Protein chains: 4
Amino acid sequence: MKVGIVGGTGYTGVELLRLLVQHPEVELTAVTSRSEAGQQVHSLYPNLRGHLDLPFSEPSEDTLSECDLVFFATPNGVAMKMVPALLDKGVKVIDLAADFRIKDIPTWEQWYGQSHACPAAVEEAVYGLPEVNRDAIAKARLVANPGCYPTAVQLGFLPLIEAGVVDKQRLIADAKSGVSGAGRQASVGMLLCEASESLKAYGVPGHRHLPEIKQGLTNAAGDEVGFTFVPHLTPMIRGIHATCYATVTASDIDLQSLFENRFADEPFVDVMEAGSHPETRSVKGSNMCRIAVHQPQGGDTAVILSVIDNLVKGAAGQAVHNMNIMFGFEETLGIEQVALMP
Amino acid sequence: MKVGIVGGTGYTGVELLRLLVQHPEVELTAVTSRSEAGQQVHSLYPNLRGHLDLPFSEPSEDTLSECDLVFFATPNGVAMKMVPALLDKGVKVIDLAADFRIKDIPTWEQWYGQSHACPAAVEEAVYGLPEVNRDAIAKARLVANPGCYPTAVQLGFLPLIEAGVVDKQRLIADAKSGVSGAGRQASVGMLLCEASESLKAYGVPGHRHLPEIKQGLTNAAGDEVGFTFVPHLTPMIRGIHATCYATVTASDIDLQSLFENRFADEPFVDVMEAGSHPETRSVKGSNMCRIAVHQPQGGDTAVILSVIDNLVKGAAGQAVHNMNIMFGFEETLGIEQVALMP
Amino acid sequence: MKVGIVGGTGYTGVELLRLLVQHPEVELTAVTSRSEAGQQVHSLYPNLRGHLDLPFSEPSEDTLSECDLVFFATPNGVAMKMVPALLDKGVKVIDLAADFRIKDIPTWEQWYGQSHACPAAVEEAVYGLPEVNRDAIAKARLVANPGCYPTAVQLGFLPLIEAGVVDKQRLIADAKSGVSGAGRQASVGMLLCEASESLKAYGVPGHRHLPEIKQGLTNAAGDEVGFTFVPHLTPMIRGIHATCYATVTASDIDLQSLFENRFADEPFVDVMEAGSHPETRSVKGSNMCRIAVHQPQGGDTAVILSVIDNLVKGAAGQAVHNMNIMFGFEETLGIEQVALMP
Amino acid sequence: MKVGIVGGTGYTGVELLRLLVQHPEVELTAVTSRSEAGQQVHSLYPNLRGHLDLPFSEPSEDTLSECDLVFFATPNGVAMKMVPALLDKGVKVIDLAADFRIKDIPTWEQWYGQSHACPAAVEEAVYGLPEVNRDAIAKARLVANPGCYPTAVQLGFLPLIEAGVVDKQRLIADAKSGVSGAGRQASVGMLLCEASESLKAYGVPGHRHLPEIKQGLTNAAGDEVGFTFVPHLTPMIRGIHATCYATVTASDIDLQSLFENRFADEPFVDVMEAGSHPETRSVKGSNMCRIAVHQPQGGDTAVILSVIDNLVKGAAGQAVHNMNIMFGFEETLGIEQVALMP
């Protein structure tokens with residue numbers, strides 16, 4: 001099948017390339033970048049030398065419409081302008097940005113600070129969290145690939161909320177991310193000298209992933225949840241660690257079994273033994289989400305630890321997973337890499 | 001004044017040395033280490049070359065009893081065996097380990113896994129958090145220097161609890177520490193290859209700093225608090241970031257003013273402007289605690305961000321602060337270093 | 001084919017496992033560790049959860065002799081005691097330690113501080129640098145897998161020496177390694193707090209890889225070379241950067257072409273365009289060696305930059321490459337991973 | 001004395017501020033920045049909160065001419081336009097950029113890609129390496145503060161060259177720098193995600209510090225030296241490690257004594273015991289240069305290891321040292337900080 005990538009110069013773009021150049025069913029036919037058009041992709045990303053012989057091209061509807069599938073790894077607000085035309089020509093689309101994630105258009109416009117260009121596509125789009133929407137993804141023309149924090153946090157809370165065993169009004173997610181989540185734009189704050197050997201919270205008054213997570217948890221709960229989200233920037237390249245807090249309201253509930261049962265058939269969620277503390281490095285470069293379940297000192301506070309690689313399960317890997325589902329391939333095809341450790 | 005350090009080879013020991021070799025009122029007369037006795041201190045810590053000409057010595061009661069003050073920077077359980085004899089000889093003591101922090105002896109014995117050798121000294125000891133116990137410290141013979149997490153977390157919660165404006169039964173501290181908190185012992189888990197480029201929670205079922213924090217918050221609250229504590233290991237050398245969550249129960253309370261007023265006269269607590277996100281590097285090598293106060297989206301969840309350098313305000317710097325108070329020096333003497341940035 | 005690994009708990013061991021669990025021709029039948037026997041391999045290395053269901057076993061000649069190939073990822077001095085018996089039973093062996101690398105037994109004994117247990121096997125062993133010894137490797141029963149520094153440095157110097165275009169008496173290699181080269185043993189010097197945010201040379205008076213490199217360069221030169229080797233410890237997990245200096249004695253030699261021609265058919269050596277500066281991260285997790293060739297300001301000093309991942313091309317990846325050659329598989333089978341970037 | 005800083009927003013600027021706010025003889029009267037004028041300095045650098053109450057101001061000749069001394073911590077090419085007017089008004093100047101370092105104007109113009117605005121000032125300027133030019137610095141109106149690499153490399157080679165004991169035509173410096181040497185400008189290459197967990201050489205065809213070092217070594221040698229310089233970018237914030245190679249031509253020379261004698265009276269050069277390997281972290285935040293001297297395997301290659309903190313001895317600390325000399329203060333005043341370790 002022919003695959004195109006729009007916006008191949010960022011970190012999610014290069015991570016898609018890493019996975020797709022070795023995917024047995026995929027032929028990459030276009031990787032677009034206005035700024036780098038004409039230049040070999042591997043000249044920007046030397047890790048691809050010997051694996052990909054393709055120059056960046058200008059994003060062109062003609063070229064892209066010859067693809068079976070196009071991934072958008074573009075800044076927010078780009079895909080929504082190009083997607084309708086591609087869908088019209090029968091091209092399927094997976095957007096790794098946020099253009100189609102939030103169903104409520106005013107909410108999207110408030111958090112992303114722009115008018116939405118195609119609300120109809122938002123309505124059609126399927127939120128691409130396979131652990132929730134597998135069947136809909138299989139039939140979708142347009143998939144909104146989840147954000148990185150939303151993937152880690154939702155997988156941590158969903159079993160509790162679906163089972164109705166916690167207070168849905170007091171959910172707290174304290175999340176820690178590596179710096180690659182901020183992308184490859186030059187910015188003072190993400191310089192090694194600014195971001196290494198330090199740690200800080202950011203976006204405490206409000207972060208764009210808050211409404212996305214809240215939408216997912218609210219869908220699972222049936223009514224609106226109360227949710228506090230505090231992201232932190234941590235001095236590493238890859239990895240998200242979400243520490244999820246909830247007050248257990250059910251008596252005699254075995255949280256460990258609840259999680260194991262919920263994810264028993266999921267190829268990319270690994271519920272670890274009771275008492276575990278997953279490390280983000282255990283999923284570095286891998287599409288796995290590892291989860292551990294705690295109830296400290298037997299109290300009524302559940303503490304769920306959920307780790308992913310933000311660029312894989314939190315972006316490119318999950319996108320390929322969605323592709324596999326959409327096109328009927330084995331779900332794990334091309335995304336079974338073992339994490340790099342150490 | 002003559003000062004001795006027992007256990008000078010660990011990270012709190014060398015940090016004490018960094019501060020004391022430049023303290024204008026201090027003459028270092030003994031730095032003890034059984035394993036390194038006879039060797040120059042600066043041969044182990046070359047940063048001290050040119051600043052200190054003193055060999056490690058065997059810990060000897062005779063030598064130490066000639067000091068006006070002895071710091072213990074030893075593993076837990078060492079100081080409690082040596083302190084009574086020193087106090088008898090009129091030597092004042094500051095213990096940087098945990099031997100005298102917990103007033104309830106059975107609790108201490110449960111968490112530290114050993115019998116306590118001198119409960120009487122525990123009773124006498126003053127918990128050395130200057131922002132709470134300044135007057136008692138000034139009169140103390142024996143000061144129990146607080147732990148690193150307890151310092152950051154208590155300073156984050158105390159104004160809320162003292163003012164009675166939050167639900168004392170649902171306090172959560174999600175804390176992140178650099179690796180130096182684990183000390184200088186050889187251990188696989190703290191190797192650069194294991195601890196860098198990764199992040200994990202640890203001790204979720206229970207951490208020794210939990211009862212220490214709970215004791216401090218309970219003292220402030222007047223009755224026992226409900227408290228969940230989740231520490232995380234993060235890939236940096238120094239720094240603690242405590243993210244403290246509480247449910248606000250008071251209406252019309254201005255949390256920003258509450259914190260500013262509480263710490264207005266404190267030389268080592270810096271309440272930042274509303275909306276701030278303190279970075280741990282802003283206190284690297286400094287004795288300052290920086291705090292920011294948030295109430296996201298105007299809800300009833302208070303989020304307090306509190307950062308310290310675990311080796312300074314969380315250990316050696318606070319110990320020198322206590323020394324200054326005990327001996328009537330200017331409180332800030334010798335501990336006004338500007339943080340190293342970048 | 002059945003494969004065993006002796007000493008599977010170190011970094012070269014886990015890296016071998018990462019590669020072998022996904023190698024299409026390999027069935028892992030034994031991973032031995034005295035200290036961890038009985039425990040699942042993935043309990044020590046959670047990145048292997050879901051990829052390998054095998055406990056560590058005691059090293060037993062019976063079990064190992066049923067393998068077609070055994071890798072030794074043991075400390076120096078272990079393999080030499082076990083290898084002869086395995087060879088006698090028809091098992092092929094690749095040793096990732098140094099037991100069979102140095103042909104001159106007194107030299108080996110001097111640098112490794114022990115008597116050699118089986119000089120006859122040393123004589124038989126083939127030095128497993130495929131770019132030099134491909135044909136001999138194909139026929140070998142016993143392969144001595146090269147050290148990490150020796151791989152990077154020899155590939156940097158060999159074209160110059162084979163072509164006879166530099167002064168063989170004044171070769172200098174200034175090499176920089178990540179910390180994983182030191183292995184997974186608990187040691188103070190390799191703690192994150194000791195090794196991060198710092199850089200130092202070590203072993204300047206003499207390092208064990210010096211005689212190994214000198215042997216290889218001397219073989220290529222035809223007579224003994226003069227060689228200075230200075231390794232440095234750098235604050236990262238993986239990667240070696242060798243900066244190789246030589247004085248060009250030939251006139252009108254095009255060094256760029258010399259290198260391109262020498263490695264034209266090599267699947268795992270990538271000679272970059274003139275003027276390049278390879279980054280170690282461009283080979284992180286990959287079996288590639290990338291080389292750039294410089295002659296600054298048109299002078300007579302050649303500066304060759306050679307980067308590898310010390311655990312892959314410098315250890316486990318090269319070992320699998322050797323396995324592929326020994327067993328007649330496609331040389332690149334199972335070791336074509338794209339480097340993880342960022 | 002009144003001191004001004006032009007260009008206070010970069011890393012050398014904030015490091016100057018860290019040192020000067022605690023210097024007992026200095027009153028900071030102006031810190032200029034066009035882009036940040038009006039904003040408090042500590043709002044950009046929160047480590048200065050509580051230590052400095054001064055806003056950034058527009059660079060104005062009127063304000064600056066009231067100073068006794070002005071430091072320029074500006075990009076190359078700025079100081080040369082403002083310095084003559086300040087000198088005319090009796091203000092002394094220390095330039096931390098490169099405008100006055102190279103005596104040969106065409107050489108400067110070639111490497112810095114611009115015409116020089118005031119060659120006369122270059123002629124007057126004293127190169128501020130105290131270990132070479134102490135007396136001239138004491139009398140200078142204008143000091144050209146040395147570059148970071150040039151400081152570490154010259155101190156490593158000078159004793160050898162002054163004593164005439166090495167081949168002056170084959171000097172090689174392989175230097176490794178932390179990322180702060182690249183300054184605080186937003187650039188993709190210095191992002192944490194690009195520069196951490198990796199190492200690379202750069203500027204091998206030619207680096208601006210090459211002519212500066214060559215000038216210094218040539219001055220010491222009496223005639224032009226042959227010099228190869230290869231800088232490397234390493235994944236840490238601070239620190240330079242210069243590994244200097246030279247061929248010893250003198251027989252029976254004791255290099256260790258040579259270095260100890262040369263620097264016996266220098267407060268900021270520490271010649272370590274024979275066999276040492278200085279770590280960059282042993283000078284982190286300190287103005288010290290530590291040097292170790294090796295002659296591996298008794299051969300004729302001298303290997304000198306020289307480490308500094310690029311922002312202190314390689315920039316701001318050396319500038320304050322020069323200030324102390326120019327104004328007759330104790331040389332070590334205000335720059336005796338102990339390195340932060342760990």
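Start in chain B of this predicted model and select strands β8 (residues 171-177) and β11 (residues 240-247): they run antiparallel and are joined by six bridges. To pin down the register, show B:Ser177 as sticks and look across to β11(B), where B:Ile240 stands opposite.

Now widen the selection to the sheet around that pair. In chain B you get an open sheet of seven strands with mixed pairing, in the order β9-β10-β8-β11-β14-β13-β12. Walk out to the edges and you'll land on β9 (200-201) and β12 (269-271) of chain B, each of which pairs on one side only. If you colour by pairing, keep in mind that strands of a sheet pair through backbone hydrogen bonds, either parallel or antiparallel.

What lies across β8 and β10 of chain B? Add residues 209-221 of chain B to find out: this is helix α10, and it runs at about 135° to β10(B) (227-233).

**Helices of chain B**

Hide the sheet and bring up α12(B), residues 312-326, with α7(B), residues 130-139. Their axes come within 9 Å and cross at roughly 40°, which makes α7(B) oblique to α12(B). Turn the pair until one helix sits in front of the other, and you can check the hand: the crossing is right-handed. For side chains, pick B:Pro130, B:Arg134, B:Ile137 and B:Ala138 on α7(B), then B:His321, B:Asn322, B:Ile325 and B:Met326 on α12(B); these make the contact. Colour them by class and you'll see five nonpolar, two polar and one charged.

Leave α12(B) on screen and swap α7(B) for helix α8 of chain B, residues 148-162. Here the axes of α8(B) and α12(B) come within 8 Å and cross at roughly 100°, so the two helices are roughly perpendicular to each other. Which residues of α8(B) and α12(B) make the contact? Select B:Cys148, B:Thr151 and B:Ala152 on α8(B), and B:Lys313, B:Gly314, B:Ala315 and B:Gln318 on α12(B). By class, that contact has three nonpolar, three polar and one charged residues.

**A stop in chain C**

Jump to chain C and select helices α8 (residues 148-162) and α12 (residues 312-326). Their axes come within 8 Å and cross at roughly 100°, which makes α8(C) roughly perpendicular to α12(C). The contact is made by C:Cys148, C:Thr151 and C:Ala152 from α8(C), with C:Lys313, C:Gly314, C:Ala315 and C:Gln318 from α12(C). Those residues divide into three nonpolar, three polar and one charged.

**Over to chain A**

Next, show chain A alone and colour it by domain: the assignment gives domain 1 as 2-124 and domain 2 as 149-310. Put a marker at the centre of each, taken over C-alpha atoms, and the distance between the two comes to 27 Å. Where the domains meet, 10 residues come from domain 1 of chain A and seven residues from domain 2 of chain A. Which helix gives the most to the domain 1 side? Zoom in on α5 of chain A (residues 105-112), which supplies three residues. The domain 1 side as a whole has five nonpolar, three polar and two charged residues.

Stay in chain A for its sheet. The order is β9-β10-β8-β11-β14-β13-β12, an open sheet of seven strands with mixed pairing, and the edge strands are β9 and β12 (269-271), each pairing on one side only. Inside it, β8(A) and β11(A) pair in the antiparallel sense over six bridges. Click on A:Ala175 and then find its bridge partner in β11(A), A:Ala242. Then add helix α11 of chain A (residues 255-262): it lies across β12, β13 (289-294) and β14 of chain A, at about 160° to β13(A).

**Between the chains**

Bring chain B back next to chain A. How many residues of chain A are in contact with chain B? There are 37, touching 37 residues of chain B. On the chain A side, highlight β8 (171-177), α9 (192-195), β9 (200-201), β10 (227-233), β11 (240-247) and β14 (301-308), each of which supplies at least two residues. This side has 17 nonpolar, 13 polar and seven charged residues.

Last stop: chains D and C, whose contact takes 37 residues from each. On chain D, select β8, α9, β9, β10, β11 and β14, each supplying at least two residues of the side that touches chain C. That side of chain D has 17 nonpolar, 13 polar and seven charged residues.

Note on methods
Residues are numbered from 1 along each chain as its sequence is written. Chains are lettered from A and ligands numbered from 1 in the order in which they are written. This is a predicted model: local features need pLDDT of at least 70, side-chain atom pairs count only at pLDDT 80 or more; totals for chains, interfaces and linings use all residues. Two residues are in contact if their C-beta atoms, placed from the backbone, lie within 7 Å. Helices (H or I, at least four residues) and strands (E, at least two) are DSSP runs, numbered from the N terminus. Ala, Val, Leu, Ile, Met, Phe, Trp, Tyr, Cys and Pro count as nonpolar, Asp, Glu, Lys and Arg as charged, and the others, Gly among them, as polar. Axes are lines fitted to C-alpha atoms, for helices over the stretch in contact, and angles run from 0 to 180 degrees between N-to-C directions. Angles under 35 degrees count as roughly parallel, over 145 as roughly antiparallel, 65 to 115 as roughly perpendicular and the rest as oblique. A crossing is left-handed if the near helix is turned anticlockwise from the far one by less than a right angle, and right-handed if clockwise. Domain bounds come from an automatic or database domain assignment. Two strands pair if DSSP finds at least two bridges between them.
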